[in-house]
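Okay, thanks for squeezing me in. I'd like to walk you through one structure today, so have a look at the screen.

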Amino acid sequence: MSLALALALATAACSQEEAAAPPQVRPVRVVTVTEAPASQSVSISGTVQAQDEASLAFRIGGRMIERLVNVGDQVKAGQTVARLDPQNALNTLRSAQAGLTAAEGRLVQASNHFDRQERLLQSGFTTRAIYDEARQGRLAAQAQVDDAQAQLKIAEDNVGYTELKADAPGVVTARGAEPGEVVQAGQMIVQLARQGGRDAVFDVSAQILRQVPAEPVIAVALSDNPAVTATGRVREVAPQADPVTRTFRVRVGLDNPPEAMRLGSSVTGRVEIESGAGMEVPASALTAANNQPAVWVVDPSTATVALRNVEVARFNPATVTIGSGLAVGDVVVTAGVQALYPGQKVRLLGAASASASGASGS
């Protein structure tokens, strides 16, 4: 009996100690809500590429015996960049020449026969059937000559096709075959970046594309030397997103780019986008309540938190724009939101007022 009484007294004492224990004060990071700016600058990394690139290839197949240029070489219009073994093409050319000579001989013979038959018909010493046969033979011989001339022209062109020439001045950016390889017609031998313009190429998210104004001016600078700059305008936007990154390839035509912006250089593009009205908070502040977006708001007078539903107007790369539910000056929790409950006491870390979009506590 005394043992049960002792246990009861001990349990009651523990309960009183637990009830007397102060509530846990959780440290949290916060920001003070400010109104979002009307516009903001967005920077995206990209590379410099030629506006016009061409893959040079032979029109016929064969064994490549020589490639006269390498990556980085400057080429001129009409310059030979590679050669195929011409032996087969030359043999075909000689065969076509012989075929034309034979066809021309048959045409002379058929023409002479027709002339004789024509004179005999006028004198009445031959028949109309023999005369028609001679005329048909001359027409057939003429057709054979025309065909042989066409075959000779094809053979001559194929001999010329054994030399691959640049159709415009530019810089070699890639090679696709080495001397000694047997290449197919249309196979890329060298890739040529033609002179005449450069693009800054970026992979841009659909969200940023929607916010960019019409015909924006893009400020482009070298990533390793921001002092080297140029401006440009959007020249082309890919109609379909990349299946892996879900971004769109955007080509910005550069206006008079400096020489330091070489092909393949890493660049940073900057553009002003419209943010619209609203208040921004870091994306880490957003949680959910009642299946709706919500944030934890701190009451400065009691140092407690309350969950408040908000309406999200727009999701930005690192922040969210709140359309309604917050007021300028509200203190919002940005770190530790998953471990809070309504009315919990908190201790503020980084409690100084700051713009939500630029706070380090996010």
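Let me start with a question: in what sense do β13 and strand β14 pair, and over how many bridges? They run antiparallel, and the pairing covers 6 bridges. Before I go on, keep in mind that what you're looking at is a predicted model.

Now, β14 covers residues 248-255, and β13 has a partner on another strand too. Strand β12, residues 217-222, pairs with β13, residues 229-237, again in the antiparallel sense, this time over 5 bridges. Getting from β12 to β13 takes a hairpin of 6 residues.

If you want one residue to hang this on, take Thr 231. In β13, Thr 231 sits opposite Ala 219. Thr 231 also has a bridge partner in β14, and that's Asp 255.

Next up, the aromatics. How many aromatic pairs does the count come to? Just 1. The two rings belong to Phe 114 and Tyr 131, with 5.4 Å from centre to centre and 35° between the planes, so this one goes down as tilted. Phe 114 is in helix α2, residues 87-123, while Tyr 131 is in helix α3, residues 128-161, so the pair ties together parts that are 17 residues apart in sequence. And are these two buried or exposed? Phe 114 is buried, and Tyr 131 is buried as well.

Okay, on to the pocket. The largest pocket holds about 380 Å³ of space. It has 19 lining residues, and the closest to the centre are Gln 74, Val 171, Arg 198, Arg 262 and Leu 263. For those of you thinking about chemistry, the lining splits into 8 nonpolar, 7 polar and 4 charged residues.

Which strand gives the most to that lining? That would be β8, with 4 residues. β8 is residues 170-175, and β10, residues 188-194, also supplies at least two residues of the lining.

Last stop is Thr 80, which belongs to strand β6, residues 80-84. Why do I call Thr 80 buried? Because its relative accessible area is 14%, and the cut-off for buried is under 20%. So who is Thr 80 touching? Setting aside neighbours within four places in sequence, Thr 80 is in contact with Leu 68, Glu 163, Leu 164 and Lys 165.

That's my tour, thanks for listening.

Definitions and conventions
Residues are numbered from 1 along each chain as its sequence is written. This is a predicted model: local features need pLDDT of at least 70, side-chain atom pairs count only at pLDDT 80 or more; totals for chains, interfaces and linings use all residues. Side-chain values use heavy atoms; hydrogens and water are left out. On a 1 Å grid over the protein atoms alone, a cavity is a set of points where a 1.4 Å probe fits but cannot get out, and a pocket is an open set with protein on both sides within 12 Å along at least five of seven lines; lining residues have an atom within 4 Å of a point. Grid points are joined across faces, edges and corners, and a volume is the space filled by probe spheres set on the points. Ala, Val, Leu, Ile, Met, Phe, Trp, Tyr, Cys and Pro count as nonpolar, Asp, Glu, Lys and Arg as charged, and the others, Gly among them, as polar. Buried means under 20% relative accessible area, exposed over 50%, partly exposed in between (1.4 Å probe, protein chains only). Contact means heavy atoms within 4.5 Å. Two strands pair if DSSP finds at least two bridges between them. Rings of Phe, Tyr and Trp (its six-membered ring) pair if their centres lie within 6.5 Å; planes under 30 degrees apart count as stacked, over 60 as edge-to-face and the rest as tilted.
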